[in-house]
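This briefing walks through a few selected places in one protein chain, moving from charged pairs to a helix, a loop residue and the cysteines. Please keep the sequence and the 3D view open while you read.

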Amino acid sequence: QAWCALPSRPQSTGQALGFGHAAMFSCRMCSENPFNAMFGEQGKADKEKKKKDKRRTSKRNEGSFHPRTDDEVASAVSRWIRHAHPRANDFFTSKQQLHDVLTQLAKGIDREDDPILGGDEKCVYWYGDVTKEDLQAAIRMVKPGENAESVTYVNRVLAFIFATDESFDKLMKLPKEPFKMSCGDQLCVNLSHISVETTSS
């Protein structure tokens with residue numbers, strides 16, 4: 001059965017990630033910083049990745065990438081930010097910081113693709129930074145409550161900003177590693193393809 005999704009987005013089946021606005025956090029959510037719980041310690045995640053030492057492959061074709069113009073980036077950010085979950089506004093230190101993160105996302109995705117408001121019938125490939133160890137989509141950002149820039153997985157950022165409370169609660173219980181994509185391609189960043197399974201399963 002499909003998870004909850006905005007009416008404008010085609011519903012997906014299986015363990016796909018729902019997104020959009022939902023009710024307030026549960027009591028457990030109120031007692032902790034969801035951003036810290038969602039992303040954990042990068043160093044710990046890196047050690048776990050090295051233990052697994054798995055080389056992944058992707059169907060992404062870098063030669064087919066058509067970047068957005070500055071106006072197209074601004075337009076995409078304007079559309080996406082209207083669908084951001086209230087947790088994003090609460091835990092990013094400013095609206096500009098959220099805007100900057102969404103700008104990075106728009107620049108790393110083909111102009112014809114939309115990982116948030118598009119359909120779930122195809123993969124949305126990431127053309128930005130990729131981790132060397134295990135081929136994961138990544139961006140550099142300053143996390144709320146921190147001063148130094150660090151590397152963060154794109155699919156975790158998307159889930160934090162756009163997932164419903166129900167989906168977010170399930171994802172919070174997973175290890176602090178990149179979320180597994182149901183399509184099997186870790187360079188896909190389609191929000192509907194994020195799975196509640198672990199990358200090691």
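**Charged pairs, a helix and the cysteines**

Arg 79 is partly exposed, with a relative accessible area of 30%. Its partner in a salt bridge is Asp 114, with 3.8 Å between N and O, and Asp 114 is buried, its relative accessible area being 14%. The model is a predicted one, and every value below is computed from it.

**Salt bridges**

- The count of salt bridges in this model comes to five, and the pair of Arg 79 and Asp 114 is one of them.
- Because Arg 79 lies in helix H4 while Asp 114 sits in the loop between H6 and S1, this pair ties together parts that are 35 residues apart in sequence.
- Another salt bridge joins Asp 165 to Arg 87, where the closest N and O atoms are 3.3 Å apart.
- Asp 165 belongs to helix H8 (residues 165-172) and Arg 87 to helix H5, so this pair ties together parts that are 78 residues apart in sequence.
- Both partners of this bridge, Asp 165 and Arg 87, are buried.
- A further salt bridge is formed by Glu 62 and Arg 60, whose closest N and O atoms are 3.2 Å apart.
- In this pair Glu 62 is exposed, with a relative accessible area of 58%, whereas Arg 60 is buried, with a relative accessible area of 17%.

**Asp 110, a buried charge in a loop**

- Asp 110 is found in the loop between helix H6 (95-107) and strand S1 (138-141).
- Which side chain of opposite charge is nearest to Asp 110? That side chain is Arg 111, which is 6.3 Å away, and Asp 110, although buried, has no salt bridge.
- The side chain of Asp 110 does have backbone partners: one of its polar atoms lies 2.7 Å from the backbone nitrogen of His 66, and the side chain also reaches the backbone nitrogen of Glu 112 at 2.9 Å.
- When neighbours within four places in sequence are left aside, the residues in contact with Asp 110 are Ser 64, Phe 65, His 66, Arg 68 and Tyr 127.

**Helix H6**

- Helix H6 has 13 residues and reaches 18 Å from its first C-alpha to its last, which is close to the 18 Å expected at 1.5 Å a residue.
- The buried residues of H6 are Gln 97, Leu 98, Val 101, Leu 102, Thr 103, Leu 105 and Ala 106.
- These buried residues pack against helix H4 (70-81), helix H5 (86-91), strand S1 and helix H7 (154-162).

**Cysteines**

- The count of disulfides comes to zero.
- For Cys 183, the nearest cysteine sulfur is that of Cys 123, at 3.5 Å, and Cys 183 is in no disulfide, since a disulfide requires two cysteine sulfur atoms within 2.5 Å.
- Cys 188 is likewise in no disulfide, and the nearest cysteine sulfur to it, that of Cys 183, is 3.8 Å away.
- Are these two cysteines buried or partly exposed? Cys 183 is partly exposed, with a relative accessible area of 32%, whereas Cys 188 is buried, with a relative accessible area of 1%.

Key: Residues numbered from 1 in each chain as written. Predicted model: local features only at pLDDT ≥ 70, side-chain atom pairs only at ≥ 80, totals over all residues. Heavy atoms only, no water. Helix = DSSP H or I, 4+ residues; strand = E, 2+ residues; numbered from the N terminus. Buried < 20%, exposed > 50% of the residue type's maximum accessible area, 1.4 Å probe, protein only. Lys, Arg positive; Asp, Glu negative; His and termini not counted. Salt bridge = Lys/Arg side-chain N within 4 Å of Asp/Glu carboxyl O. Polar contact = N/O pair within 3.5 Å; in protein donor to acceptor, adjacent residues only side chain to side chain. Contact = heavy atoms within 4.5 Å. Expected span 1.5 Å × (residues − 1).
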